[in-house]
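Here are three short exercises to work through with the model open. Try each task before you read its solution.

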Amino acid sequence: MISINAAVIDLKRLDLLADGDSQIHALDSRAKVLVTLVFIVSVVSFGRYEIVRLLPFFAYPAVMIALAGLPPLYIARKIALVSPFILMVGLFNPLFDRDVLYQICQVQISGGWISLFSLLVRSLLTVSAAFILVGTTGFTAVCQALQRLGTPQVFTVQLLFLHRYILVLADETGRASRARELRSCGKKGLGVASFGSLTGHLLLRTWLQAERIHTAMLARGFTGKFHVPRQSRFSADDILFVLGWSLLFISLRAADISDIIGALFS
Amino acid sequence: MSHHIVEARNLQHVYPDGTIAIKDVSFRITHGESVAIIGANGAGKSTLLQHLNGCLYPTSGQIRIGDTLLTKSTLPDIRRTVGMVFQYPDDQLFMPTVFEDVAFGPLNQGLSGSDLERRVTEALVQVGADHLRTKPPYHLSGGEKKRVAIATVLAMSPDILVMDEPTSGLDPFARRQLMSLLVEFKHTKIFTSHDLDMVLDLCHRTIILHDGMIMADGPTGEIFRNDALLAACRLEKPLSMQGCPLCNTDYATKPGN
């Protein structure tokens, strides 16, 4: 099952990107978490039919990707993977919301289509912001930042274990699928029946392996607290980063920049 | 120095399904000893090993590390003293890079900055894996993973090194490299292994477990010469003590050879 194994390596690559040494990587993880939170809240707080006012927000992922030296195609592929789920969420909007909002020549565009497109734009923005956060900070450091910002430890440790468990599960799935494939001689094997048993085995095996990993962590002094080697402090750069981006996002949310620019030229 | 002593007294472990894995096991391993715990599959070796740093608690009996009795309150100190290297390095390596993985234990001990950097570098240099520090653990070969797994434990400066099947899955060269590495450690060492040639090379004392009980505890050479004991415990002499099959007269005179 090459595709599953490739997906696992691809997933692990995101964490490896966090080892970069750009000025964005050097910022305190809390600063990046705060900016991402303000960005997400600003984006999702727009009305359901809003599209145009969301567009200036694309400046954030673009600038961050450029400054952090993240591979844009890789991030785009990651976002593309999520988009079918987003489409599924908004799939019924055009069916239920048929009020015509715009008419371009003979083409009538209903509110459902506008809200679906708005949902897509907002998802692209928020998902890219999340990927950029992990790609410039690392999942462990993001969890630690959340903890230092006041999130209860029980949540952050759960998040860390979930992250690790996904990797263990994906590794095991790759191995089990390969074993099934090799013994099904290019046919369907036992079809759905074999998948039922395979899924059960996967659950038990990953459970056991997760227990062994947990034991290894306990053996090395793990007491529920995660530490990262790069223990940064909030510097002037971090304050500037948080204030600069937050002010921009709040301004973009509060005022219609396209109206202002239009007024300047008219 | 008393920290280097491992003592089990009347240890018994019963799993929740009722399986009695260890029955009335007692031994005392003193400072600087290198001891092998051997036995057939299911003899209770791994279960016993997991008691030595509190991964499992005895159903009855005691474990003492130095003067300290293993209890929940003494667990952090005991885990710093007893470094455990697991059989499968994939279970032991879980951080994004080798450096972070080796730093995991020292960070939990409260080290940071240059102290942390020095401790990690020392451990990696000791196992000859410093060049791998920026690599993700899943990109390493089996032998490299094993070395890094040992470094993760060495970085915590343990007094006692416990290793479950250290040479399993390694190619002959990596196995030999690992053995030369282990022989240089001055720690109290406890191994479980099916690699009896390694046991012969590294351990002066051997404990045989059979059905959860100690069947023999004594000098390795003496135990390996006892054919009846080995056969009763489903074991065989190390290959190096069996003689060369090609030079063996009985073998050479067999029809067809």
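**Exercise 1.** Work out the strand order of the open sheet of 4 strands in chain B, and find its edges.

*Solution.* This is a predicted model, so let's take it strand by strand. The order in chain B reads 2-1-4-5, and the pairing is antiparallel. Now look for strands that pair on one side only: these are strand 2 (20-29) and strand 5 (68-69) of chain B, the edge strands. Next, zoom in on the strand 5 end. Strand 4 (residues 60-65) of chain B is joined to strand 5 of chain B by 2 bridges, and the two run antiparallel. Across from B:Thr68 in strand 5 of chain B you'll find B:Ile65.

**Exercise 2.** Place B:Ser193 and decide: buried or exposed?

*Solution.* Start with the location: B:Ser193 sits in the loop between strand 8 (188-192) and helix 8 (196-202) of chain B. Then count neighbours. Within 10 Å there are 21 other C-beta atoms, and the cut-off for buried is 20 or more, so B:Ser193 is buried. Skipping neighbours within four places in sequence, its contacts include B:Ala36, B:Ile38, B:Glu165 and B:Met198. Finally, check a long-range pair: B:Lys45 is 148 residues away along the chain, yet the C-alpha atoms of B:Ser193 and B:Lys45 are 8.8 Å apart.

**Exercise 3.** Describe the contact between the chains from the chain A side.

*Solution.* First the totals: chain A puts in 20 residues and chain B 25. On the chain A side, helix 1 (2-17) and helix 10 (192-219) of chain A each give two or more residues. Helix 10 of chain A has the largest share, with 7 residues. Sorted by character, the chain A side splits into 7 nonpolar, 7 polar and 6 charged residues.

Notes: Residues numbered from 1 in each chain as written. Chains lettered and ligands numbered in written order. Predicted model: local features only at pLDDT ≥ 70, side-chain atom pairs only at ≥ 80, totals over all residues. Buried ≥ 20, exposed ≤ 12 C-beta atoms within 10 Å, placed from the backbone. Contact = placed C-beta atoms within 7 Å. Nonpolar A, V, L, I, M, F, W, Y, C, P; charged D, E, K, R; others polar. Pairing = 2+ DSSP bridges.
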